[in-house]
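Biologist: Please take a close look at one sheet in this model, strand by strand. Once that is done, set out what else can be said about the rest of the chain.

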Amino acid sequence: RRWPRAARLALLPLLLTCCLSCTGGGSGGADPSVAGAPGAGDRLFPEAGNGGYDVTHYGLDLSYDPASGRLSGSTAVTATATQRLARFDLDLSGLTVASVAVGGRPATFSRAGDELTVRPARPLARGARFTATVAYAGVPATLTDPDGSKEGWLRTSDGAVALGEPVGAMAWFPCDNHPSDKAAFDLTVSVPNGLTAVSNGELAATTRAGGRSVFHWRTSRPMATYLATLAIGHFTVSRSATPGGLPLYTAVDPRSDDPETAAALRRIPEILDWESGLFGPYPFASSGAIVAHLPSGEGGYALETQNRPFFPGADGPPAAPLSTLVHEMSHQWVGDSVTPRSWQDIWLNEGFATYTEWLWAAHEGGDSLDTSAAAAFGDSAAWAFPPASPPTAADVFAPPVYRRGALVLYELRRTLGDSTFFRLLRAWPAEHRYGNASTADFTAFCHRFTGRDLTPLFRTWLYGTSKPAQL
Ligand code: ARG
Ligand code: ZN
């Protein structure tokens, strides 16, 4: 009997898939269909992240020696294969890998650039859940971003700090280093007694043995790798709670304890309360801040590390000015809970956080919103490119992303009116809570939520390549 044409066509993909998996089943080396891609497909950072799996949990078990700068231990990456995998990549920069095991069985591995390629003893089936455990050691590298910022691993006089936006996380643990793959974290780190290790999430346990202290930090809500931090050193730790009962854990290097920073940190409960009014309920189980002390010239930047933003104290200027604290705290909703799908969507973080700074200034009796908007509009650097289209990886933290990004919200409020605009501002983080969102998700959401055609607004303010005649 002859198969009808439709049935023959339907069988074709089945036959093809079968052939591919057969040829890939043995060594799995040659067939690209059983290799996870070396990048997540980001236009601006093509090598960041990887294909073929989705991480659900990172378990870091580390030990640090401040005198030598050596970090050693292991990272267990638990993931689900999204395709058949004879091999897959993790992102890792520098360090020496001693061994890799998948599902407890030794795996072979190789390294090229920032890619660690792992070949499990047997290929992983699509849908399989697996844990890849990487044992490694070395002095982690300080990386220079495309924009010239220093990040990854920065040594301090008594310890070190880890900063990862955009790609610094791979300097201290092997990972799927792209914002689209968020996961829970457990970080256990051993340091000499007297030093404190601070990270994201909540402190699950502290133990002491043999002259060392072990800190176990747990982040249960999904976190992007760029938001993971670790700060080791002498810190003054204060633990308290907001009036609403949210636990606060703040660690300040005494050398960065300037009066302006201290005054700003005291206002964390008030800032969180005010931002909850803007963006809806605070998304995480704790808050606080980390204020480090970096030798001058070492770089570093303030970063919205999940739960607990990071501030680079230096000799001289205040470590955590109030406006910066307000900015980083707002990222807990826009950035950390709702994370950009790709790096070109970063204006969804920075435009929103800048707009929040403007609102805060007006709320505090400083510059009015119109004054802040006019200053951004008048800044020629803000018009170099449309906010959602940074031309290169060096541009993701440039003025158009921050200032012109904030102007998109300013215009949206003008068009929608206060009532609809502020309802939208609360609905947006709820829509993508603990997930990812792209620029297209945002514009589609605005259309759906308001029932209005906002195409002309977005065409001019979000996508337009030329500066409008007036604000
Ligand atoms: N997200 C940080 C902030 O604006 C900035 C990170 C800058 N990173 C960089 N590599 N330039 O709060
Ligand atoms: Zn920011």
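Modeller: Two strands count as paired if DSSP finds at least two bridges between them. The model is a predicted one, and the sheet I take is the open one built from four strands, in the order β16-β17-β18-β19. Its pairing is mixed. The edges are formed by β16, residues 236-241, and β19, residues 310-313, and each of these strands pairs on one side only. With direction ignored, neighbouring strands of this sheet are turned against each other by 15 degrees on average.

At the β16 edge, the partner is β17, which covers residues 247-252. Six bridges join β16 to β17, so the two meet the requirement of at least two bridges. They run antiparallel. One facing position can be named: R239 stands opposite Y249, the latter in β17.

A second open sheet can be described in similar terms. Five strands form it, in the order β8-β9-β10-β15-β12, and here the pairing is antiparallel. Its edge strands are β8 (142-144) and β12 (196-199), each pairing on one side only. From one strand to the next, the twist averages 15 degrees. The edge strand β8 is joined by three bridges to β9, residues 150-155, and these two strands run antiparallel. Within this pair, L143 has E151 in β9 as its bridge partner.

Next comes the ligand. Ligand 1 is surrounded by 13 residues, of which D145, S149, E165, Y301 and F397 are the closest. By class, the shell consists of seven charged, four nonpolar and two polar residues.

Last, the annotated region. UniProt, in an unreviewed entry, places the feature "domain: Peptidase M1 membrane alanine aminopeptidase" at residues 324-461. In the model this span is 61% helix and 3% strand, and its end C-alpha atoms lie 25 Å apart. Helix α9 takes up residues 439-450. Its length can be checked: because each residue should add 1.5 Å, the 12 residues of α9 should span 16 Å, and the 17 Å between its end C-alpha atoms agrees with that. Just after α9 comes G451, which takes a positive phi of about 70 degrees.

To return to the sheet you asked about, it is an open arrangement of four strands with mixed pairing, and at one edge β16 is joined to β17 by six bridges in antiparallel fashion.

Terms used. Residues are numbered from 1 along each chain as its sequence is written. Chains are lettered from A and ligands numbered from 1 in the order in which they are written. This is a predicted model: local features need pLDDT of at least 70, side-chain atom pairs count only at pLDDT 80 or more; totals for chains, interfaces and linings use all residues. UniProt positions are given in the numbering used here, feature names are shortened, and annotations may be inferred rather than shown by experiment. A residue is near a molecule or strand if its C-beta atom, placed from the backbone, lies within 6 Å of it. Ala, Val, Leu, Ile, Met, Phe, Trp, Tyr, Cys and Pro count as nonpolar, Asp, Glu, Lys and Arg as charged, and the others, Gly among them, as polar. Axes are lines fitted to C-alpha atoms, for helices over the stretch in contact, and angles run from 0 to 180 degrees between N-to-C directions. The expected span of a helix is 1.5 Å times one less than its number of residues.
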